[in-house]
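Trainee: I should like to take a close look at the nonpolar core of this chain and at the elements that surround it. Please set it in the context of the fold as a whole.

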Amino acid sequence: MSESWPSHLDVGAVRFARPTAKFDDVVTFYGDDLGLSVLAEWRDHDGYDGVVFGLPGAPVHMELLRHGDHIPEPNPENQLVLYLRGPEAVETATRRLTERGHSPVPAANPYWPEHGAVLFEDPDGWQVVLAPWVFEETRTGTD
C-alpha cells in the first residue's frame, strides 16, 4: 500500500456526493447537530437542492443532493466513517449528538463496536460511524 498520494494526480480537494430524501433534516443533522462546516448550499439549481460540508482537512468535502423522488433505500453499508483522534473525541461527539436528541444505534457489522466505535443514523438512515482512531496515525490499517 502506498503511503503517499501519487505525484501524477495533482488533486486539490476530494468531494463525495450522495442523494438524500430529507434535505432539510440532513442539513440540520450534519450542520447543526454534528457541527460540520457548510461550504456551499443551493436550492433549485437546475432542479437540485444541495449542500457541501467541509470534513477534516479542508480539501475533503461531502455533498448531499436532492433531485426528484429517486432516493436509494437506507442500507447499513451506506456509511460516513469519521475517524476521530481517540476515545475522548468519540465521547465528546457522542455527547453532543445525544444532547441534541440523537441516540446511538446498533452496528450491522460487529467490527465497529469491537473496536470502540459508536454509530448514529442520519435522517436518511445512513450510518455515521465515530471511530476512535486515525489510520496511519494511531492504527496501521491491518487491525
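To begin with, how many helices and how many strands are there in the chain?

Mentor: The model is a predicted one, and its chain holds 3 helices and 7 strands. From the N terminus onward, these elements follow the pattern β-α-β-β-β-β-α-α-β-β. Of the 143 residues in the chain, 35% are buried. Contacts that span long stretches of sequence are well represented: among those between residues at least 6 apart, 53% join residues at least 24 apart.

Now to the core itself. The largest nonpolar core comprises 21 residues, and Tyr30, Met62, Leu82 and Leu130 have the most contacts inside it. At least two of its residues come from each of α1 (23–33), β3 (48–54), β4 (60–66), β5, α2 (87–99) and β7. The helix α1 provides the largest share, with 5 residues.

That helix deserves attention in its own right. Within α1, the buried residues are Phe23, Val26, Val27, Phe29, Tyr30, Gly31 and Asp33. Just beyond the end of α1, glycine 35 adopts a positive phi of about 90°.

Methionine 62 shows how one of the core residues is surrounded. Leaving aside residues up to four places away in sequence, methionine 62 touches Phe16, Tyr30, Leu36, Val51, Val52, Phe53, Leu55 and Leu80. Apart from this core there is a second, separate one of 6 residues, among them Trp112, Val129, Ala131 and Trp133.

Two of the strands that supply the largest core, β5 and β7, also belong to an open sheet of 3 strands, ordered β5-β7-β6 with mixed pairing. Because β5 (79–83) and β6 (118–121) stand at the edges and each has a single partner strand, one side of each is left without a neighbour in the sheet. From one strand to the next, the twist averages 20°. The pairing of β6 with β7 (residues 127–131) is antiparallel and runs over 4 bridges; phenylalanine 120 stands opposite valine 128 in β7.

As for the outer surface, the chain exposes about 8,700 Å², of which carbon and sulfur atoms supply 52%.

Key: Residues numbered from 1 in each chain as written. Predicted model: local features only at pLDDT ≥ 70, side-chain atom pairs only at ≥ 80, totals over all residues. Heavy atoms only, no water. Pairing = 2+ DSSP bridges. Axes fitted to C-alpha atoms, helices over the stretch in contact; angles between N-to-C directions. Core = buried A, V, L, I, M, F, W, Y, C linked by side-chain atoms within 4.5 Å. Buried < 20%, exposed > 50% of the residue type's maximum accessible area, 1.4 Å probe, protein only. Contact = heavy atoms within 4.5 Å. Areas by Shrake-Rupley, 256 points an atom, 1.4 Å probe, with all protein chains shown as cover.
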